[in-house]
Amino acid sequence: MDLSNSAGRLIFDTTEAGAGVEVFQPFEVSQGDLMLLSSSKVKDGDSVLSVSIERIDAHDSVSFTIDVDDTLPQSELGNIRVIGAEMRNASVEISSKGKQPAKAIFGSNNKALISLSSC
């Protein structure tokens, strides 16, 4: 997941001190066999997150929690809460062994839809 092009200039807020505002939440797996790739943690103020899913069966899911703040000087709900329009232009990419990566850009509805037929 890459937040660097997001309309809200979003960052991950993972520690009490640092780039984020008030409430923080480090990366934490909440369901499934999921782990951070190439690092043991996401640093406060980072805008890119890469995870690895070892295995997932059809109709299963994996999930994680992490706090995200915007860094706009003026934002609709303040820096501590992100609205869908602030996610616009962030991206997510999924890759699978032997397949071309599939990428999607978040719209103002806070969703990025990826076609897995090519992935």
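Helices and strands here are DSSP runs, at least four residues for a helix and at least two for a strand, numbered from the N terminus. Keep that in mind for Asn89, which sits in the loop between α1 (84-87) and β7. We'll come back to that loop after a walk through the rest of this predicted model.

Start with the overall layout. The chain carries 1 helix and 8 strands, and going along the sequence you read β-β-β-β-β-β-α-β-β. Of the contacts with a separation of 6 or more, 52% join residues 24 or more positions apart. Buried residues account for 27% of the 119 residues. On the outside, the chain exposes about 7800 Å², with carbon and sulfur atoms supplying 49% of that area.

How far can you trust the coordinates? Mean pLDDT for the chain is 81, and 85% of the residues reach 70 or more. Strand β8 (residues 102-105) has the highest confidence, at 91, while strand β3 (residues 34-36) has the lowest, at a mean of 75. As a rule, where pLDDT is low, the predicted coordinates should not be read in detail.

Now for the empty space. The largest pocket has a volume of about 1300 Å³. Its lining takes in 33 residues, and Val51, Ile53, Glu93, Ile94 and Ser95 are the ones nearest the centre. Three strands, β4 (51-53), β5 (63-65) and β7 (91-94), each give at least two residues to this lining, and β7 makes the largest contribution, with 4 residues. Sorted by class, the lining of the largest pocket comes out as 17 nonpolar, 8 polar and 8 charged residues.

The second largest pocket has a volume of about 160 Å³. It is lined by 11 residues, with Met1, Val68, Val82, Met87 and Asn110 closest to its centre. By class, this lining has 9 nonpolar residues, 1 polar and 1 charged.

That brings us to the backbone, and to a couple of asparagines. Most residues other than glycine have a negative phi. Asn89, back in the loop between α1 and β7, has a positive phi, near 80°. Is Asn89 buried or exposed? It falls in between: its relative accessible area is 38%, so Asn89 counts as partly exposed. Asn110, one of the residues closest to the centre of the second largest pocket, also has a positive phi, near 70°. You'll find Asn110 in the segment after β8, and with a relative accessible area of 39% Asn110 is partly exposed.

Key:
Residues are numbered from 1 along each chain as its sequence is written. This is a predicted model: local features need pLDDT of at least 70, side-chain atom pairs count only at pLDDT 80 or more; totals for chains, interfaces and linings use all residues. Side-chain values use heavy atoms; hydrogens and water are left out. Buried means under 20% relative accessible area, exposed over 50%, partly exposed in between (1.4 Å probe, protein chains only). Contact means heavy atoms within 4.5 Å. Accessible areas come from the Shrake-Rupley method with a 1.4 Å probe; for residues, only the protein chains shown count as cover. pLDDT is the predictor's confidence in each residue, from 0 to 100. On a 1 Å grid over the protein atoms alone, a cavity is a set of points where a 1.4 Å probe fits but cannot get out, and a pocket is an open set with protein on both sides within 12 Å along at least five of seven lines; lining residues have an atom within 4 Å of a point. Grid points are joined across faces, edges and corners, and a volume is the space filled by probe spheres set on the points. Ala, Val, Leu, Ile, Met, Phe, Trp, Tyr, Cys and Pro count as nonpolar, Asp, Glu, Lys and Arg as charged, and the others, Gly among them, as polar.
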